[in-house]
Structures are given as structure tokens and as C-alpha cells.
Amino acid sequence: QGNVPSWFSSLLILFNACLLFVAWSYAKSRRSAYTYHWLILAIIFTFLSIDEVSSTHTYLVEPVSRTLNTGGKLYLAWVIPYGLFALVVGISYIRFLFSLPKRQGLGFFLAGAVYVFAAAGMELIESPLEEVGDVFNMYYATLASIEESLEMIGMTIFNYALLDHLRANSNSVVFFHEDELTEPEIETSS
């Protein structure tokens, strides 16, 4: 929280949220059956961006842990409600994923799997160390670095798949023209 990797991750997630709002707008204009799927994803990603820098999820640790009497791998008990939410979203988005072209659907699935494993799965590995306060060592620092790196990789994969979707399905959304990628001709005077 409050460090450069957290801010970078937050901005990456926010950029994906903005792209999801573009995808929602485009789906809405085409009256797509999955219009609200795009909107819900955009809202979720906006929340995740805010959560990345504010660590809102940590406020759930104490009440969930007290209610469910968790410890050990579930010491960081926020993974329970977030994990259940991810499971519900994942199940409710199966048809949506299959409606996408194969490459984009696989990209979305892979991105989600990597991100959820990083955010929740790595926390399960780190939880016992957090519980005993053993967080000032190279082992914990390595685990935390792997977690943050995988979260960024998941969001980057999602970004690629989302940009691919927008490029393939929307001729009204133009990020750049191919002729802008070539070097300009320099006129010489004789």
C-alpha cells in the first residue's frame, strides 16, 4: 500500500476498467446480449483499482476471522468473501466467455486465473507467516514479490485480450491508424 508497484497495479487495473467501459458502450450501441456483463466487469475493475491502493480488503480480515474463527492459511480471512465473489462471477461469466472468439475468451480466462491465484492463492501461502509476524525476511519478501508480479501479469494478459477484442469488434474505436506507425517522409528541397 502506498508504494510504486501498488500505484502501477492500480493504474493498470484502472486502465482496464476504462477499456471495459468502452467495450460496454460499444456492446450497448450494438444491443449485445452481454451488454451488462461488460458494465459489471468495468465496475468490478474500478473497485479493484481502488482496493489496490487503499487495501480495503484488509478491513475484512478481523471481522471475518472472528466470525469464522480462522487462522493458519486462512489468517488473512479476506480471501474467503473475495474468493466466493470471484467464484460467483466466474461461474456467471462462463457463457459470456464462450461467446467471445476463442483467443479472447482464453485470454480473459487465463488473466482471471493468474490474477485470482496471485491475489488470493498467494495470500494463503503468506497467511501463516503473517499470523506469527514472520514478515521481515527474504522468504516472505520473495512471496510478496511473486504475488505482486503475478497480479500485474494477469492484468497485462487481460489488457492484451481486451484490446484485441476492441480492435477486432469495433471499427468505431480507433487507438491509432497504421499509417501513423510509419516514419513520415521528409521532403527535401532541391
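**An all-helix chain and its two antiparallel pairs**

Read from one end of the sequence to the other, the protein runs α-α-α-α-α-α-α. The model is a predicted one, and its tally comes to seven helices and zero strands. As for burial, 36% of the 190 residues fall into the buried class.

Start with the pair at the beginning of the pattern. Helix α1 covers residues 4–29 and helix α2 covers residues 35–54; the two pack at an angle of about 165 degrees, and their axes sit 8 Å apart. An angle over 145 degrees counts as roughly antiparallel, and α1 and α2 are therefore roughly antiparallel to each other. Their crossing is left-handed. Sorted by class, the residues in the contact of α1 with α2 come out as 17 nonpolar, seven polar and two charged.

Further along, helix α7 takes up residues 138–169. Its 32 residues reach 46 Å from the first C-alpha to the last, which is close to the 46 Å expected at 1.5 Å a residue. At the N-terminal end, α7 is capped by Asn137: a side-chain oxygen of this residue lies 3.1 Å from the backbone nitrogen of Tyr139.

The partner to look at here is helix α6, residues 102–132, which packs against α7 at an angle of about 165 degrees with the axes 8 Å apart. Again the angle makes the pair, α6 and α7, roughly antiparallel. The residues of this contact split into 24 nonpolar, five polar and eight charged. As for handedness, α6 goes past α7 in a left-handed crossing.

One residue of α6 gives a closer view: Phe117 lies in this helix. How far is the C-alpha atom of Phe117 from that of Leu150? The separation is 8.2 Å, although the two residues are 33 residues apart along the chain. Is Phe117 itself buried, exposed or partly exposed? Buried would need a relative accessible area under 20% and exposed one over 50%; Phe117 has 45%, so it counts as partly exposed.

Taken together, the picture is of a chain with seven helices and zero strands, in which α1 and α2 are roughly antiparallel and α6 is likewise roughly antiparallel to α7.

Notes:
Residues numbered from 1 in each chain as written. Predicted model: local features only at pLDDT ≥ 70, side-chain atom pairs only at ≥ 80, totals over all residues. Heavy atoms only, no water. Helix = DSSP H or I, 4+ residues; strand = E, 2+ residues; numbered from the N terminus. Expected span 1.5 Å × (residues − 1). Polar contact = N/O pair within 3.5 Å; in protein donor to acceptor, adjacent residues only side chain to side chain. Axes fitted to C-alpha atoms, helices over the stretch in contact; angles between N-to-C directions. Parallel < 35°, antiparallel > 145°, perpendicular 65-115°, else oblique. Left-handed = near helix turned anticlockwise from the far one by under 90°. Nonpolar A, V, L, I, M, F, W, Y, C, P; charged D, E, K, R; others polar. Buried < 20%, exposed > 50% of the residue type's maximum accessible area, 1.4 Å probe, protein only.
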